[in-house]
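Visitor: I should like to be taken through this model step by step, from its overall form to individual residues. Please reason through each point before giving the value or name.

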Amino acid sequence: LYRAEGEPEVSGEAPFGDVAIKSYYEKAVNWAAEKGIVSGYDANKFAPNSNITRQQMAAIMYRYAKYKGYDASVGKDTNILSYDDASDVSEYAMAAMQYAVGSGLINGKTPTTLNPSDNATRAETSAILKRFFEANK
């Protein structure tokens, strides 16, 4: 997302103590945190080497859509409760999962499951980004 924005300058330092200075991802994390697109596990922990879950990916895409001024309300009426594991979606990610499913960014792992806490694979991440940018040309 940072690259899609043209790698803009970042005004401050990373709020996360575990984001290595001069790492290849430092500016991207700083930018995304500054814009409210990502948040850490707490005030000082981003966990840059951890896998990303499907619901975390949905939250990032939802926040990015809002940052861009896109209609992030799409999907607010999406009934993800029809998925057997809808109760597994974390509270912070509920609106984001509704957006991601309702806008077609994320599909169920099966016709009846979302698997929100599963790690997003590289293929899933790529597909989500592709769908997002195609829908918002």
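**Surface, fold and selected residues**

Guide: The accessible surface of this predicted model comes to about 8,100 Å², and carbon and sulfur atoms contribute 48% of that area.

Visitor: What pattern does the protein follow along the sequence?
Guide: The model holds 4 helices and 0 strands. Read along the sequence, the pattern is therefore made of helices, as counted from DSSP runs. It is α-α-α-α.

Visitor: What radius of gyration does the protein have, and what value would a compact globule have?
Guide: The C-alpha atoms fill a box of roughly 45 × 30 × 25 Å along the principal axes. For 137 residues, a compact globule would have a radius of gyration near 14 Å. The protein agrees with this, at 15 Å.

Visitor: Which share of the contacts with a separation of 6 or more comes from residues 24 or more positions apart?
Guide: Contact here means heavy atoms within 4.5 Å. Among the contacts with a separation of 6 or more, the share from residues 24 or more positions apart is 67%.

Visitor: How far apart are the centres of the positive and negative side chains?
Guide: The two sets comprise 15 positive and 17 negative side chains. Their centres lie apart by 6 Å.

Visitor: What distance separates the end C-alpha atoms of helix 2?
Guide: Helix 2 covers residues 54-68, which is 15 residues. At 1.5 Å a residue, the expected span is 21 Å. The distance between the end C-alpha atoms agrees with that expectation, at 21 Å.

Visitor: Is helix 2 largely enclosed or largely open, and which helices include its cover?
Guide: A residue counts as buried under 20% relative accessible area. By that criterion 11 of the 15 residues of helix 2 are buried, so the helix is largely enclosed by the rest of the structure; among them are Met 57, Ile 60, Met 61 and Tyr 64. The cover of these buried residues includes helix 1 (26-34), helix 3 (94-102) and helix 4 (122-135).

Visitor: Which helix do the buried residues of helix 1 pack against?
Guide: The buried residues of helix 1 include Val 29, Trp 31 and Ala 32. They pack against helix 2.

Visitor: Which residue with a positive phi follows helix 2?
Guide: Just after helix 1, Gly 36 takes a positive phi of about 80 degrees. Helix 2 is likewise followed by a residue with positive phi, near 85 degrees, namely Gly 69.

Visitor: Is Lys 22 buried or exposed?
Guide: Most residues other than glycine have a negative phi. Lys 22 has a positive phi, near 70 degrees, and is found in the segment before helix 1. With a relative accessible area of 74%, Lys 22 is exposed.

Visitor: What is the relative accessibility of Asn 115?
Guide: Asn 115 is found in the loop between helix 3 and helix 4. Its phi is positive, near 50 degrees, in a residue other than glycine. Asn 115 counts as partly exposed, at a relative accessibility of 21%.

Visitor: Which residues does Phe 133 touch, not counting residues up to four places away in sequence?
Guide: Phe 133 has its place in helix 4 and is partly exposed, with a relative accessible area of 34%. Its C-alpha atom is separated by 9.4 Å from that of Ala 4, although the two are 129 residues apart along the chain. Not counting residues up to four places away in sequence, Phe 133 touches Leu 1, Ala 4 and Tyr 64.

Notes
Residues are numbered from 1 along each chain as its sequence is written. Side-chain values use heavy atoms; hydrogens and water are left out. Helices (H or I, at least four residues) and strands (E, at least two) are DSSP runs, numbered from the N terminus. The radius of gyration is taken over C-alpha atoms; the globule rule is 2.2 Å times the number of residues to the power 0.38. Accessible areas come from the Shrake-Rupley method with a 1.4 Å probe; for residues, only the protein chains shown count as cover. Lys and Arg count as positive and Asp and Glu as negative; His and the chain ends are not counted. The place of a charge is taken as NZ of Lys, CZ of Arg, CG of Asp or CD of Glu. The expected span of a helix is 1.5 Å times one less than its number of residues. Buried means under 20% relative accessible area, exposed over 50%, partly exposed in between (1.4 Å probe, protein chains only).
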